[in-house]
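Reader: I'm new to this. Could you take me through the structure and tell me what backs up each word you use?
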Amino acid sequence: MNKIMLNKHNIGSSDFINSADNLKASGKYLLGIAASDERTLNSKFNVKYFFGGGGGIEEYCVDADESFQSMSKICPAAKMYEREIYDLFGLLPSGHPDLRPLMLYPENWDSSVHPLRKDYNNLIPDMKKYGEYKFKEILGEGIFEVLVGPVHAGIIEPGHFRFSLAGEPVLQLEIRHFWKHRGIEKVCEGKDFKETLDIISKISGDNNVNIAIGYLEAAESILNIQITERAEYIRVILAELERIWNYVRDVAWIFMDIGFALPAQNLFALQEEFMRLNKNLSGHRFLFNSLTVGGVNLDLDSAKLKAIQEAVEKVENIIKDCEEFILNSSTVLDRLEFTGKINHKTAEELSLCGISARASGLPRDSRIEFPYLIYDKLNLKPVLHDGGDVFARTVLRIKEIYVSKKIIEGLLFNLPEGDIAVACGNKPEAYKYAIGNSETSRGNAFFYIMADDNGKIFRLKYIDPSFRIWPSIQYGVLGNIIADFPLINKSLNLSYSGNDM
Amino acid sequence: MSFLSKLLFKNKTQEIGAAGIGSILIKGEELKRSINGVFGRSLFVRLVDSGSCNACENELAALSNPYYDLERFGIKFVASPKHADVLIITGCVTRNMLNPMLKTYENIPSPKFVITAGDCPETGGPFKDSYSVCGPVSKYLNVALHINGCPPEPETIISGFLKFMDMLKAS
């Protein structure tokens, strides 16, 4: 059951904007903005702002007709959320500095059609050009542009990057994402909670367990389900396993991008061993479908527990060598240190989360700030670094692997007895809503879910950590050379599919 | 330098090879013979992700790890479509990715083949009714082979390539 303290405030749009300065000054930071079309209920749209930073989560609910006041100038992190709302709901964030379409491309979408409105008639505009997307331009003598993507050279997801350069250093980077926009939030509407779980697993496949945990926190709180302690333990073990293999892969890619194929391939082999462990545990290499509403789908017997123990011991041994190598090799340090620096102030203004925030000295870890499952009993401390560069993010990943290993070992042989799942026949209260969150290997995954009067999803808003963090690369690369961009990108290792949704 | 020297003196890939992945070696060798027989050179592959959940990309990337090391069997993922023989498509084909996908296809010199990997490009997966999805791939391109799975495991993808080569030999 959800343990987050949610303080709700109903407030007028202009009052809210006036108080936003004070909110920021008191150390609160924006977790996300969720709009919802509730005209069928109370003839209003509403926009909910969620803030973290004070122990619990503060919710500010603002009514909106066809527009609401933009808070982008006070809180730059709000910029992307407001553009998203303008696209999908057609609500105008008045005073917003940049209202270019975000996910509904003018190249193929009629801007008067807003698919997340409840009166959207499911008519899909013809596939033709409706307008043009204008990129920012830097003009001047000797300035040139380098265009990359959407289809990249390697086996990666699509995204468009536009660099403006004068000589070697990057003057500006503009990212255009949402090539993979699948309209997941709309797809979930009208589905029941179990069907939605299947869709949620496909938001970002490599983090599906942790994302599903965030979803289940909200869903089980709406359905009033208390899962068993054994199921909570198993969820945490699976979540930490997923975190470990993600971090192993991330560190491997760092080595790959600085031309150290030997350690990289060793870590890739280690990742493969974890994928095989996953397969052994759940029958699926990514642990798809191992969680369910009301518990988990797999039990851990003594053979499986032993396999997990051996795997985490092995990973610690290899990662220890790896850490020593990074810290003692001048060629590695030369590439990693001072590259892609994201300042503390930038991280704060953009409301970063996860490794990217912790590497810039911000103690943000949802497992500690908004504890869920049994994380509040684990006495975790945020692992921090103040470098803000590629080196800081790499070292933090390594340190977090040790933390995850310790968590898993602490739980493995203390698994409480009990069922792994409870029945969930409860019908949710009509139009009840809840929030849920979890810490993925990239950062905080945040869900806002409202049920309708049939026990189906009325509105589901998901905020991926990548959605928050992507804009920060545009600051991280400034002054760096373009050849370091892949390294900076990999050091954040963000999801395109989670961002684009 | 302990990490590097440990790796150099204790060759991990050999250890991995000995740990029993016979079926991959057998399939791989067969694949290599087959590719050499039909193409007389390696098979070059270009990937386009048209809207996947990134699990398929993870599995395709895993084909390069020391357990599979697909390049030794004569299959190489290339950076440019101009170098490719085969286009692998993953994902459910979003409206935004339709054009880049078709442009990539146009830029592959003939003869060219399309292979789809994962359940999404074949059916659209759970997203088939979405406003921003316009798949499946077969609506736009001639698909030579489909590799099933959500996502297909690396060994399944290798078997898929084998099947593809058999199809070419038969035609």
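Author: Sure, starting with a definition: two residues are in contact if their C-beta atoms, placed from the backbone, lie within 7 Å. This is a predicted model, where local features need pLDDT of at least 70, side-chain atom pairs count only at pLDDT 80 or more, and totals for chains, interfaces and linings use all residues. Residues are numbered from 1 along each chain as its sequence is written, and chains are lettered from A, ligands numbered from 1, in the order in which they are written.

Reader: Which residues is A:Arg468 in contact with, leaving aside its neighbours within four places in sequence?

Author: A:Ala77, A:Ser351, A:Leu352, A:Cys353 and A:Gly443. Take A:Cys353: 115 residues separate it from A:Arg468 along the chain, yet the two C-alpha atoms are 7.5 Å apart.

Reader: What makes A:Arg468 buried or exposed?

Author: We count other C-beta atoms within 10 Å of its own, with C-beta atoms placed from the backbone: 20 or more is buried, 12 or fewer is exposed, and in between is partly exposed. A:Arg468 has 28, so it's buried. Its place is in helix H15 (residues 465-476) of chain A. Helices there are DSSP runs of H or I with at least four residues, strands are runs of E with at least two, and both are numbered from the N terminus.

Reader: How much of chain A is buried?

Author: Buried residues are 53% of its 501. The chain has 17 helices and 14 strands.

Reader: Why does the radius of gyration of chain A agree with a compact globule?

Author: The radius is taken over C-alpha atoms, and the globule rule is 2.2 Å times the number of residues to the power 0.38. For 501 residues that rule gives a value near 23 Å, and chain A has 22 Å, so the two agree. Along the principal axes, its C-alpha atoms fill a box of roughly 65 × 55 × 45 Å.

Reader: Which domains does chain A have?

Author: Domain 1 (6-129) and domain 2 (184-500); such bounds come from an automatic or database domain assignment. Their C-alpha centres lie 26 Å apart. In the contact between them, 18 residues of domain 1 meet 20 of domain 2. On the domain 1 side, strand E2 (29-38) and strand E3 (44-54) of chain A each give two or more residues, and E2(A) has the largest share, six.

Reader: What is the largest nonpolar core, and why does it lie between the domains?

Author: A nonpolar core is a set of buried Ala, Val, Leu, Ile, Met, Phe, Trp, Tyr and Cys residues joined through C-beta atoms within 7 Å. The largest one has 200 residues, and A:Val248 and A:Ile449 have the most contacts inside it. Helix H7 (residues 229-257) of chain A gives the most, 17 residues. Domain 1 and domain 2 of chain A both give residues to this core, so it lies between them. Beyond four places in sequence, A:Val248 touches A:Leu267, A:Leu270, A:Gln271, A:Phe274 and A:Val315.

Reader: How do you know that the span of H5(B) agrees with its number of residues?

Author: The expected span is 1.5 Å times one less than the number of residues. H5(B) has 12 residues, so 16 Å is expected, and its end C-alpha atoms are 18 Å apart, which agrees. Its buried residues, including B:Met97 and B:Leu98, pack against E1 and strand E3 (86-90) of chain B.

Reader: How many residues does each chain bring to the contact between chain B and chain A?

Author: Chain B brings 42 and chain A 43. On the chain B side, H4(B) gives the most, six residues.
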